[in-house]
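Trainee: I have a new structure to read. Where should I start?
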Amino acid sequence: MEAAPPPSTTGKLVVVGGGIAGVTCAEQLALHFPSEDVLLITASPVIKAVTNFKQVSKVLEEFDVEEQPSTMLEKRFPNIKVIESGVKQLKSEEHCILTEDGSQHVYKKLCLCAGAKPRLICEGNPYVLGIRDTDSAQEFQKQLTKAKRIMIIGNGGIALELVYEIEGCEVIWAIKDKAIGNTFFDAGAAEFLTSKLIAEKPEAKIAHKRTRYTTEGRKKEAGTKANAGNIGSALGPDWHEGLNLKGTKEFSRKIHIETRCEVKKIYLQKEFKISKKKSLAFPRDHHNQTLTTDKEIWPVYVELTNDKIYGCDFIISATGVIPNVEPFLYGNNFDLGEDGGLKVDDHMQTSLPDIYAAGDICTASWQPSSVWQQMRLWTQARQMGWYAAKCMAAASVGDSIDMDFSFELFAHVTKFFNYKVVLLGKYNAQNLGSDHELMLRCTKGQEYVKVVMQNGRMMGAVLIGETDLEETFENLILNQMNLSSYGEDLLNPNIDIEDYFD
């Protein structure tokens, strides 16, 4: 007797991924097609919902991210059905997706929003931890309570937030650039922030409007999940809120930064003993860089490309992410970007018919606006998920739509070291060549303002602190007005620049 074929559902709208891009896409599809079922396939029992969305200006947006049981999404949108299972295989020619629970789902339109996974410096080492989702953040918190010293490798957003939040534990921070936060900042902004990092951390923090992350109320414990190896969706903003990031020691912050270096080799305690190499003690102060040999014995040792070796309790690998395309590639001829993402056109369509992609998994392959670039950030995940749903809806009824306005200008608001940080346009003069100039205004401990000018026009800006300049600068970048005649008055603190351009 033949085994019964797996249960199948016919031609639905299907979204894969329970992160910000996937949930936003599913919600929008549910609104566009209230009488049709929308399937959301996610390996995690919780989804990321965007709440308290606020359009700060034309392009800048702020929102909270709330981790919720998937049943809450189904309650809000009765036509969304959440399938809690990983993807086993995509059969694009048959318009069919197989899930690990043995089901088969036939789609008429599919949007892949499976995010990205941490790019670990070393796979399979128990002392190397990547932070990407709630489970890995909680594992990190658990490890930290027993740690006297940790090493952080990487220079992106997660690394920046970690070094500021960790207390009671020595932190060796190894970065391949010459200044911190190279993804977001130039050397000037890095210097402005470094002084805050070295200062004692004040108790009072600016209020957070974003919801804290929790895994309470999960339908099942992670340990009993059939798909225990699956990656949860990205943490998004303020992920460290509500986690107690304290090590074993009593001091507030001890950070040593090793610049322009990468990891050469990782030794376990036994291997290090055999190697007869010497490791360095934690440098005592920032000015006196005398190197002394470490007497302490550590579980793991890291040799850097500058030949320095440090021992530590564990290593945080925060060296960026890799688009999570693997489950979808077998038997499908997707065009991939240089960064490994699924290439999408200006309607979020991949190279295969009826398959769209949004968020960290995709690589924007259209001719971008002169002041927009893709960055794998939660704001872009939301925008892409929302726009992909619009494109899928339009294609379903044979309509065509224009590119969404949010792709006109890169705009991101976040928080580092307790400062509000706004990034606009080509904020780091990305791809502008050498014929641009920078204008700066800096008040130590209070604000840092940088604008990028080219041919008299504003192309980008970095605003750190409460500057209230974001809306004005956003407009100046968007309308490309010639500002040559204003000269340095643009950043003159005694001139109310908003009144100039009202």
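Mentor: We will go from the core to one strand, and then to two unusual backbone angles. Keep in mind that this is a predicted model.

Trainee: Let's take the core. Which residues touch the most other members of the largest nonpolar core?
Mentor: Leu112 and Ile150 do, in a core of 101 residues. Helix 8, residues 378–396, supplies the largest share of this core, with nine residues. Apart from it lies another core, of 26 residues. Its members include Leu60, Leu409, Ala411 and Val413.

Trainee: What does Ile150 touch, leaving out residues up to four places away in sequence?
Mentor: Here a contact means heavy atoms within 4.5 Å. Ile150 touches Phe140, Leu144, Ile166, Cys169, Glu170, Val171 and Ile172. Cys312, Phe314 and Ile316 are also on its list.

Trainee: Now the strand. Why is strand 11 described as largely enclosed by the rest of the structure?
Mentor: Look at burial along the strand. Buried means under 20% relative accessible area. Strand 11 covers residues 149–153, and five of its five residues are buried, so the rest of the structure largely encloses it.

Trainee: Which way do the residues of strand 11 point?
Mentor: Arg149, Met151 and Ile153 point one way. Ile150 and Ile152 point the other way. Both sets are buried.

Trainee: Which strands does strand 11 pair with?
Mentor: Take strand 12 to begin with, residues 170–174. Strands 11 and 12 run parallel and are joined by five bridges. In this pairing, Met151 stands opposite Ile172. The chain gets from strand 11 to strand 12 through helix 4, residues 157–165. This β-α-β crossover is right-handed. Strand 17, residues 314–317, also pairs with strand 11 in the parallel sense, over four bridges. There, Met151 stands opposite Ile315.

Trainee: On to the backbone. What is notable about phi of Asn52?
Mentor: Check the sign, and check whether the residue is glycine. Phi of Asn52 is near 50°, a positive value in a residue other than glycine. Asn52 lies in strand 3, residues 46–55.

Trainee: Is Asn52 buried or exposed?
Mentor: The cut-off for exposed is over 50%. Asn52 has a relative accessible area of 55%, so it is exposed.

Trainee: And where does Asn431 lie?
Mentor: Asn431 sits in the loop between strand 23 (419–425) and strand 24 (437–443). Its phi is near 60°, again positive in a residue other than glycine. Asn431 has 77% relative accessibility, so it counts as exposed.

Methods: Residues are numbered from 1 along each chain as its sequence is written. This is a predicted model: local features need pLDDT of at least 70, side-chain atom pairs count only at pLDDT 80 or more; totals for chains, interfaces and linings use all residues. Side-chain values use heavy atoms; hydrogens and water are left out. A nonpolar core is a set of buried Ala, Val, Leu, Ile, Met, Phe, Trp, Tyr and Cys residues joined through side-chain atoms within 4.5 Å. Buried means under 20% relative accessible area, exposed over 50%, partly exposed in between (1.4 Å probe, protein chains only). Helices (H or I, at least four residues) and strands (E, at least two) are DSSP runs, numbered from the N terminus. Two strands pair if DSSP finds at least two bridges between them. A crossover is right-handed if, with the strands pointing away from the viewer, the path from the first strand over the helix to the second runs clockwise.
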